[in-house]
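Trainee: Could you walk me through this structure, one question at a time?

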Amino acid sequence: MPDDELARRARLGDKQAFVTIVERHGPVVFRYARRMVGAEDAPDLTQETFATAWVAIPGFRGDSAVRTWLLGIASNHVRHHRRSLARHPVAAWDGDEDERTTPVSRTPEASPERQAVDDAFRTALESALADLPPLQRACWVLRDVEGLGYAEIADVEHTSVAAVRGALHRARTSLARRLEPWR
Amino acid sequence: MTDDLLARAASTLRELTDDGWVRARPAVLERTLRVLRGSDSVVGRHADGEFRAATAVLVAEVRRAVDGLATVRTQRVSCSLADGGTLEALAVEVSVAYGSSIAAVADDVRTAARHAASETLGVTLQPDQVVVDLVVDDVHRGPDTGA
């Protein structure tokens, strides 16, 4: 069933239709949350995003894709999260600690040496990503990991297409420089 | 993105965080199913007296009934309540299948909406008790037009 039909039903109170939306778009919202607030807070932020979406979907007119609309809600929660951290600072996020120890889905035949290289690359990538300014990180994740268009990213991040292009260029340049030893 | 290194980086992240979603999914679904939309309550009746139901429940039931008509898709349903919370009117916005008779559809929608409200609230609602305002705000391809 297409997203707009699911959204129509959810708008009118069909929770099962909304659950299908959660199942369909949960992974992308979670990936975005994870990159923006870290592994520890990503599950809560994802829950908040879908809880907000359920309440707000009666006002969703379908002007944007459901995925873009959900990511926009997630982006608002990321901003709120950042403001909360500024008011109540805790240890700064420095990449995803649990991902450093969580096995990636690997091919069974991957050698220990190959796994070690992959883990080290992943650690370097996490560190490089964590050092990017939030808008650059968001633009890179949404464009290069999730495949959103520039206009969609601008909607999600409440900015202009030109700002997205600029942030994405700077993000790619920074990441390529940081990961150069892995080339 | 033409840089192989950055392509590898993006691919790495896609693979990693799918595992994270699998772990987070049950809690996200559980929380989602618990969230309630705020809404007014409407008065209904059963054998032991009155009860109140959220208008969101009534809207969902009306949507289900109207969507059961072959040529109609419900777009919005809203309720007007009198003082005291009794149902006074329903406003139903629909899309109708291209080529269908709007006059006939209007009758069907009104009947289905009023019947669903009666079933939900436990009272037989006559046309002079509950007005069903209908807005046809779109058309769509129907079953016989290849949709």
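Trainee: Is B:Gly85 buried or exposed?

Mentor: Good place to begin! This is a predicted model, where local features need pLDDT of at least 70, side-chain atom pairs count only at pLDDT 80 or more, and totals for chains, interfaces and linings use all residues. Residues are numbered from 1 along each chain as its sequence is written, chains are lettered from A and ligands numbered from 1 in the order written, and side-chain values use heavy atoms, leaving out hydrogens and water. Buried means under 20% relative accessible area, exposed over 50% and partly exposed in between, with a 1.4 Å probe and protein chains only. B:Gly85 has 7% relative accessibility, so B:Gly85 counts as buried.

Trainee: Which residues is B:Gly85 in contact with, leaving aside its neighbours within four places in sequence?

Mentor: Contact means heavy atoms within 4.5 Å. With those sequence neighbours set aside, the partners of B:Gly85 are B:Ser41, B:Val42, B:Val43 and B:Arg52.

Trainee: How far apart in space are B:Gly85 and B:Ala53, C-alpha to C-alpha?

Mentor: In sequence, 32 residues separate B:Gly85 from B:Ala53. In space, their C-alpha to C-alpha distance is 9.9 Å.

Trainee: Why does B:Asp67 count as buried?

Mentor: Happy to explain! B:Asp67 is in contact with A:Arg8, B:Val72, B:Arg73 and B:Thr74, leaving aside its neighbours within four places in sequence. B:Asp67 counts as buried because its relative accessibility is 18%.
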